[in-house]
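Thanks for sending this one over. Here are my notes, set out as numbered points so that you can follow them with the structure open beside you.

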Amino acid sequence: MTEADVRQMVQDMAQQHDKLVNFAATVAVEHMDSDLIKDMYKKSKTDPTRCKIFVRSLNYATTNEKLEEVFSQYGEVKEAIVIKEKGGTKSKGFGFVTFATVKQAAKTRA
């Protein structure tokens, strides 16, 4: 088996999401003591794309500071941003909050 064969196998499996997930989980469990798997696990807990939440229906007077204050009850807020119209003065009524961990972000959805 060559590297190209393995890449093709994974690409084929990607078209069937469940099979790829099962394969990846099996490999990870078999090698869970490796530094690579430990590093992947650590990074999965702080992945910025999974730590960020979208907040809608904000009062137009809401500030970044107020947004951070309200959501800090769920965990460490890394960033809280209210999206503003061009010119930077009036809120568009929505924003984003980024937490330190995926677990903290998930608390907001409970």
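**Notes on the predicted model**

1. Let me start with a charge and a ring. Lysine 52 places its charged end over the ring of phenylalanine 96, at 5.9 Å from the ring centre. Please keep in mind that this is a predicted model. A second case of this kind involves lysine 90, which lies over the face of tyrosine 60, with 5.7 Å to the ring centre.

2. Phenylalanine 96 is also worth a look for its aromatic company. Together with Phe54 and Phe94, Phe96 forms one aromatic cluster. Where does phenylalanine 54 stand in relation to β3? Phenylalanine 54 is opposite phenylalanine 96 in that strand. The two strands concerned, β1 and β3 (residues 91–99), run antiparallel and are joined by four bridges.

3. Now follow the side chains along β1. Which of them point to the buried face? Ile53 and Val55 share one face and are buried, whereas Lys52 and Phe54 point to the other face and are not buried. This fits a general pattern: side chains in a regular strand alternate between the two faces of the sheet. Lys52 is the lysine from my opening point, with its charged end over the ring of phenylalanine 96.

4. The other partner of β3 is β2 (residues 77–84), and this pairing is antiparallel too, with six bridges. Valine 77 stands opposite phenylalanine 99 in β3. Six residues lie between the strands of the β2 and β3 hairpin, where glycine 87 takes a positive phi near 100°.

5. Glycine 87 has a counterpart that is not a glycine. Serine 57 has a positive phi of about 60°, and its place is the loop between β1 (52–55) and α5 (64–71). Is serine 57 buried or exposed? Serine 57 counts as exposed because its relative accessible area is 68%, over the 50% cut-off.

6. Back to the rings for a moment. The count comes to four aromatic pairs. One of them joins phenylalanine 71 and tyrosine 74 in a tilted arrangement, with 6.0 Å centre to centre and 40° between the planes. The two partners are classed separately for accessibility: phenylalanine 71 is buried because its relative accessibility is 13%, while tyrosine 74, at 27%, is partly exposed.

7. Next, the largest pocket, which holds about 330 Å³ of space. Which elements give two or more residues to its lining? They are α1 (3–14), α2 (17–30) and α3 (35–45). Of these, α2 gives the most, with five residues. The lining includes Val6, Met9, Leu20, Phe23, Ile37 and Met40. By class, the lining has eleven nonpolar residues, one polar residue and no charged residues. Ser34 is also in the lining, and serine counts as polar.

8. Two buried residues make useful landmarks for distances along the chain. Cysteine 51 belongs to helix α4 (residues 48–51), and it is buried because its relative accessible area is 1%. Its C-alpha atom is 8.1 Å from that of alanine 106, with these positions 55 residues apart along the chain.

9. The second landmark is alanine 80, in strand β2. Alanine 80 is buried as well, with a relative accessible area of 9%. How far is its C-alpha atom from that of valine 10? They are separated by 37 Å, and the two residues are 70 apart along the chain. Valine 10 is a residue you can find again in the lining of the largest pocket.

Terms used
Residues are numbered from 1 along each chain as its sequence is written. This is a predicted model: local features need pLDDT of at least 70, side-chain atom pairs count only at pLDDT 80 or more; totals for chains, interfaces and linings use all residues. Side-chain values use heavy atoms; hydrogens and water are left out. On a 1 Å grid over the protein atoms alone, a cavity is a set of points where a 1.4 Å probe fits but cannot get out, and a pocket is an open set with protein on both sides within 12 Å along at least five of seven lines; lining residues have an atom within 4 Å of a point. Grid points are joined across faces, edges and corners, and a volume is the space filled by probe spheres set on the points. Rings of Phe, Tyr and Trp (its six-membered ring) pair if their centres lie within 6.5 Å; planes under 30 degrees apart count as stacked, over 60 as edge-to-face and the rest as tilted. Buried means under 20% relative accessible area, exposed over 50%, partly exposed in between (1.4 Å probe, protein chains only). A charge sits over a ring if NZ of Lys or CZ of Arg is within 6 Å of the ring centre and within 35 degrees of the ring normal. Two strands pair if DSSP finds at least two bridges between them.
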